[in-house]
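Grab a viewer and work through these exercises with the model on screen. Try each task before you read its solution.

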Amino acid sequence: MAYGAMFWVEWRLLIENWWVGLMDMLAVDALLNRVSCGKLQQPAPSGEVLAIIQAAALRAADHGGLTPWRFLVVQGEALKALGELYLESAKSESEPLSDAQCQRYLDMPQRAPMVIVAIAEAREHGKVPMSEQLLATGAAVQNMITAAFAQGIGAYWRTGPLAYSDVVRSGLGVSGAESIVGFVYLGTPIGDLKAKPCRQLDDFFQAWPSK
Ligand SMILES: Cc1cc2nc3c(=O)[nH]c(=O)nc-3n(C[C@H](O)[C@H](O)[C@H](O)COP(=O)(O)O)c2cc1C
């Protein structure tokens with residue numbers, strides 16, 4: 001190989017490695033520093049940023065490659081409809097609500113410009129227990145909120161009684177065999193992100209057998 005070409009190949013490798021190294025650092029940064037963000041505003045993630053969040057979900061560890069999940073993307077006017085569903089559910093389950101309580105349910109989905117409903121479709125399987133299919137869907141949600149954080153998008157994973165409400169499930173078209181694993185609120189963070197808790201590795205990781 002001519003000296004000039006060799007020189008170019010070496011530079012290309014250096015640049016490629018530098019780029020790969022930087023990407024690795026950013027990935028690790030997101031894994032180590034992700035925090036949830038509940039104060040969210042417009043704009044919602046869109047285009048390539050949203051596609052990366054969605055693609056990250058589909059890369060979750062998935063026993064048997066069953067892809068036991070599906071996701072509903074709710075934004076714009078549909079958030080209003082989701083609020084009405086929340087209110088209908090609350091009305092069906094409790095004493096008459098005050099106007100303020102009704103408004104609280106209507107406003108819930110407006111806490112972010114986008115809500116992604118993560119649904120696990122766990123099926124009977126000879127080798128993969130249904131609980132593992134739920135875990136895989138949870139991993140998909142974790143991938144989504146980490147991919148959101150890595151791109152400067154705020155995210156908050158919520159469930160609460162509404163995730164188990166028959167009214168909400170039926171309004172969203174969730175079948176009897178499916179479970180809502182989370183409502184993932186996504187948007188542009190308002191203000192600073194909270195500090196991440198400081199946890200000691202030794203409190204959670206122990207060698208086995210212990211000495
Ligand atoms: C399955 C699941 C359901 C959750 N549901 C709620 C919820 O309904 N309300 C809430 O405030 N936090 C909920 N959380 C916790 C928050 O998403 C968040 O992780 C927690 O506030 C800690 O913040 P951090 O993610 O920044 O560490 C849930 C977490 C998981 C894994």
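**Exercise 1. The ligand shell**

Which residues surround the ligand?

Solution. Before starting, note that this is a predicted model, where local features need pLDDT of at least 70, side-chain atom pairs count only at pLDDT 80 or more, and totals for chains, interfaces and linings use all residues. Residues are numbered from 1 along each chain as its sequence is written.

- Step 1: collect the residues near the ligand (C-beta atom, placed from the backbone, within 6 Å of it). You should get V35, S36, Y156, W157, R158, T159, G160 and G182.
- Step 2: sort them by class. The shell has 3 nonpolar, 4 polar and 1 charged residues. Here Ala, Val, Leu, Ile, Met, Phe, Trp, Tyr, Cys and Pro count as nonpolar, Asp, Glu, Lys and Arg as charged, and the others, Gly among them, as polar.
- Step 3: assign elements, with helices (H or I, at least four residues) and strands (E, at least two) taken as DSSP runs numbered from the N terminus. The largest share of the shell, 3 residues, comes from β4.

**Exercise 2. One shell residue up close**

Take T159: is it buried, partly exposed or exposed?

Solution.

- Step 1: place T159 in the loop between β4 and α6.
- Step 2: count neighbours. A residue is buried if 20 or more other C-beta atoms lie within 10 Å of its own, exposed if 12 or fewer, and partly exposed in between, with C-beta atoms placed from the backbone. T159 has 13 such atoms within 10 Å, so it is partly exposed.
- Step 3: look for contacts (C-beta atoms, placed from the backbone, within 7 Å). Leaving aside neighbours within four places in sequence, T159 is in contact with G182 and F183. T159 and F183 are 24 residues apart in sequence, yet 6.0 Å apart in space, C-alpha to C-alpha.
- Step 4: compare A163, which sits in the loop between β4 and α6. With 17 other C-beta atoms within 10 Å, A163 is partly exposed. Beyond four places in sequence, A163 touches I180 and F183.

**Exercise 3. The strand β5**

Which strands pair with β5, and in what sense?

Solution. Two strands pair if DSSP finds at least two bridges between them.

- Step 1: start with β1 (residues 40-41), which runs antiparallel to β5 and is joined to it by 2 bridges. Q41 has T188 as its bridge partner.
- Step 2: go to β3, which pairs with β5 in the antiparallel sense over 7 bridges. I119 stands opposite I180 there.
- Step 3: finish with β4, antiparallel to β5 over 5 bridges. Y156, one of the ligand's surrounding residues, is the bridge partner of Y185.
- Step 4: check burial. In β5, 9 of the 11 residues are buried, so the strand is largely enclosed by the rest of the structure.

**Exercise 4. The core**

How many residues does the largest nonpolar core have, and which have the most contacts inside it?

Solution. Such a core is a set of buried Ala, Val, Leu, Ile, Met, Phe, Trp, Tyr and Cys residues joined through C-beta atoms within 7 Å.

- Step 1: the count is 43 residues, and those with the most contacts inside are V115, M144, A148, A155, V184, Y185 and L186.
- Step 2: the elements giving two or more residues are α2 (47-57), β2 (69-75), α3 (77-93), β3 (114-120), α5 (130-150), β4 (154-158) and β5 (179-189). The largest share, 8 residues, comes from α5.
- Step 3: zoom in on Y185. Not counting residues up to four places away in sequence, Y185 touches L40, R111, A112, V115, A155, Y156 and R158.

**Exercise 5. The helix α3**

What span should α3 have, and which of its residues are buried?

Solution.

- Step 1: the expected span is 1.5 Å times one less than the number of residues. For the 17 residues of α3 that gives 24 Å, and the end C-alpha atoms are 25 Å apart, which agrees.
- Step 2: list the buried residues of α3: L79, L82, L85, Y86, L87, S89 and A90.
- Step 3: find the cover, which includes β2, α4 (99-107), β3 and α6 (166-171).

**Exercise 6. Backbone oddities**

Where are the cis peptide bonds?

Solution.

- Step 1: recall that most peptide bonds are trans, and that most residues other than glycine have a negative phi.
- Step 2: one cis bond joins Q42 and P43, with omega about 0°. P43 lies in the loop between β1 and α2.
- Step 3: another runs from W208 to P209, with omega near -5°. P209 is in the segment after α7 (201-204).
- Step 4: for phi, check T67, a residue other than glycine with a positive value near 40°. T67 lies in the loop between α2 and β2.

Terms used. Contact = placed C-beta atoms within 7 Å.
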